[in-house]
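Work through the exercises below with the model open. Try each task before reading its solution.

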Amino acid sequence: MNMIELRAQGADEGELVHDNRGLAPEGGASFIPHLLSVIRRRKWLVIGTTIAAVLLGILVTLLMAPQYTARATLEIQRENTGLTNVDTTQSSTMMVDQEFYETQYGLLQSRSLAERVVKDLGLADSKPFLDSFGVKTADWFNGSRISRAAPPAPERMRIASDILLSRFKVAPERMSRLVGISFTSPDPALSKRVVDAWSAAFVQETLDRRFEATAYARKFLEGKLSQLRGRIDESERRLVDYASREGIVNLPAGDNGDGASSPERPIAADDLTSLNRELARATADRVLAESKLRAGGGQSAEVAQNPTVVSLRSKRAELAGDYAKMRATFESEYPPAKALESQIAQLDRAIGQEEKRIGGTLRQAYEASVKREDELKSEVSGLKTGMLDMRRRSIQYNIFLRDVDTNRQLYDGLLQRYKTIGVAGSVGLNNISVVDGAEMPRTPSSPKPLLNILIAVAAGLFLGLSAALVFEQLDQGVDDPAEVEALLGVPLLGTVPQTGDTDPRTALGDPKSPITEAYLSLRTNLSFATDHGTPHVFAVTSTGPAEGKTTTSYALARSLARANRKVLLIDADMRSPSIHYMFEVGNKMGLSNYLAGSDDAAALIVPTSVEGLWIMPAGPQPPSAPELLSSERFEKLIAELRGSFDHLILDAPPVMGLADAPIIGSKVEGAVFVVESHATQKGLARVAVTRMMAANANMLGAILTKFNVRRAHYGYGYDYGYGYGYGDTAKRGTPAA
């Protein structure tokens, strides 16, 4: 019957020790209360560990040598590598700034730079420097000079470089080109010297790398230029040889007269161009002469424009005018008229002769222009044929010519780049600059007492909590009543508080004491263990000795007797009897005598000072207790005594290592299992209950004894009601619910 069933049957809330308030929260929410509970139970371990850590931190702080840190700020600008780029094309994708600056930070912390600083400051051969950093140099120096026993120079350089690198820090400033560098040492002057030397060495090393890159580029370009000069000579030689062999004569490239540069061209092309222009003009002249010849008989236009004809016609017109006037007055036979008529006739003959001469001249000019046109056509046709042949022969020539031009262009481009690199190398630009130089440190950067103490406190708390949790895991005791039912598989009947140094019998004599209240609650819970109330015959056992089973047997017997019941407490632990000690009676006669053959059971029962309570001591120790308990006389005794008493309570031996308790448990109505809190190992308790069940014992429930509420996982609620309402003293001694 579990505790929920007990509640359902009307058990009072104050009488039930194992209630919901004692259950641990499920899931992750249980960790913090559990941690607080561990801290409360093991507070002195946590406090002691923290105090030890603080003392150790103070001691370490006092023993630490003061360290001084010098700092400087550098500006690193984006590097422009275009001057030393041999390739004239620009990459479409550039390196991101982050990659560039990460590279610079790596260079700042490079071993080569540290070795350069060591060399500049002479630290590899400095005894004070090496001694200040704990290097054992007892046999390295003879005075201030290096001895033969010292390591070689490269090894000393490596040691000094490792010291510098281990104490040198780079701290970039976000979203800027600034980067801070610092060095820490026991000597403030040394820290300043190292930071200053580091800054100067980084600047110089950057210049050296740039100079080396420029020198390499110059050397590379010199080799390329030398190769191109040889290729130009060879290609020009092939070009000239081929032109001579094929008879190709070209005019050199140059200005063609309109401001534009013309490429190299053959003479035949110029001749053909000139003859084409002359042919065009001859054709035009022939067309003009032909049109003049055919227009108006070939004479009208030319005659009309001839000055001689124009003069003669003008004179004839004047004479004709005079002749017409004279005819109007005189007869045709008039001598002056006859003279004018004769002059007009002469002029007509002169004009006719002049027109005839002009017509002959036009024909001659036409025929001459036709002849010149034909001759030019013949020449042009010949030049065209020669030009076609020239083009055929110029294919290979042009190949050689392009090769010459390409080599010359490459040579000119590399020569210009070579000159640019020479100028850039002589300028010596640098993208590194010192913004703030190092200053002499005035105060130590370490140790920092307050910070060290805070760190020691944090470390002590962490170690203390870790140790507390470790001890908690190693502690296999049952600390929480909520664990009992899940651990043993039986219900928790009650929790008995720890009495401290007080004798349990004395505490049980006080009806207002917490332990009396606890056993009263236990008796109440036990009354619900069977359908007829408190079992008539039951045994009390435990995993091992000294867990409180005898005290529990005594307390239950006393509590039942106070409830006007006749109770017989039988000491069934014949190996280590203790009931007679509690009641201060003899142990010469008892249970072992009856099991060994005595028939007078009444003579073995001893009355006590508690009304309604009798005891049966264990009697003399028998040779084999299990054999006696397995006999029929043990069952006969129980049956005989059951008729005389209301309850028989057997204080049984422990379960582990003995066969007595399982035998007794199989012959009684039920068994109550006692577990000492904070002491009984969980695994052994589980095995003990399993053994009892394997012997067909009816496990009524478990009792958690010697419970210390301050050591519980969740320190509230388990002893609520013990001593409640009995005055301020009782209240102060009981934790609040």
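The exercises cover aromatic pairs, charges over rings, burial and one helix; the model is predicted.

**Exercise 1. Classify two ring pairs.**
How are the rings of tyrosine 554 and phenylalanine 583 arranged, and which elements hold them? Do the same for tryptophan 614 and phenylalanine 645.

Solution.
- Start with the total: the structure holds six aromatic pairs.
- Take tyrosine 554 and phenylalanine 583. Their centres are 5.2 Å apart, with 65 degrees between the planes. The pair is edge-to-face.
- Locate them. Tyrosine 554 is in helix H17 (residues 549-562) and phenylalanine 583 in helix H18 (residues 579-583), so the pair ties together parts 29 residues apart in sequence.
- Check burial. Both tyrosine 554 and phenylalanine 583 are buried.
- Now take tryptophan 614 and phenylalanine 645. The ring centres lie 5.6 Å apart and the planes meet at 65 degrees, so this pair is edge-to-face.
- Locate these too. Tryptophan 614 belongs to strand S15 (residues 613-616), and phenylalanine 645 to the loop between helix H21 (632-642) and strand S16 (647-651). The pair therefore ties together parts 31 residues apart in sequence.

**Exercise 2. Assign burial from accessibility.**
Are tryptophan 614, phenylalanine 645 and serine 559 buried or partly exposed?

Solution.
- Set the cut-offs: buried is under 20% relative accessible area, exposed is over 50%, and partly exposed is in between.
- Tryptophan 614 has 25%, so it is partly exposed.
- Phenylalanine 645 has 10%, so it is buried.
- Serine 559 has 10% relative accessibility, so it is buried.
- Place serine 559: it lies in helix H17. Beyond its neighbours within four places in sequence, serine 559 contacts Tyr519, Leu520 and Arg523.

**Exercise 3. Find charges over rings.**
Which charged ends sit over the rings of tryptophan 614 and tyrosine 594?

Solution.
- Over tryptophan 614 sits the charged end of lysine 566, 5.6 Å from the ring centre.
- Over tyrosine 594 sits the charged end of arginine 633, 4.5 Å from the ring centre.

**Exercise 4. Check a helix span.**
What should helix H7 (residues 153-167) span, and what covers its buried residues?

Solution.
- Helix H7 has 15 residues. At 1.5 Å a residue, the expected span is 21 Å.
- Compare: the end C-alpha atoms of H7 are 22 Å apart, which agrees.
- List the buried residues of H7: Arg156, Ile159, Ala160, Ser161, Ile163 and Leu164.
- Find their cover. It includes helix H5 (111-121), helix H6 (127-132), strand S5 (178-185) and helix H8 (188-246).

Key. Residues numbered from 1 in each chain as written. Predicted model: local features only at pLDDT ≥ 70, side-chain atom pairs only at ≥ 80, totals over all residues. Heavy atoms only, no water. Phe/Tyr/Trp six-rings, centres within 6.5 Å; stacked < 30°, edge-to-face > 60°. Helix = DSSP H or I, 4+ residues; strand = E, 2+ residues; numbered from the N terminus. Buried < 20%, exposed > 50% of the residue type's maximum accessible area, 1.4 Å probe, protein only. Lys NZ or Arg CZ within 6 Å of the ring centre and 35° of its normal. Contact = heavy atoms within 4.5 Å. Expected span 1.5 Å × (residues − 1).
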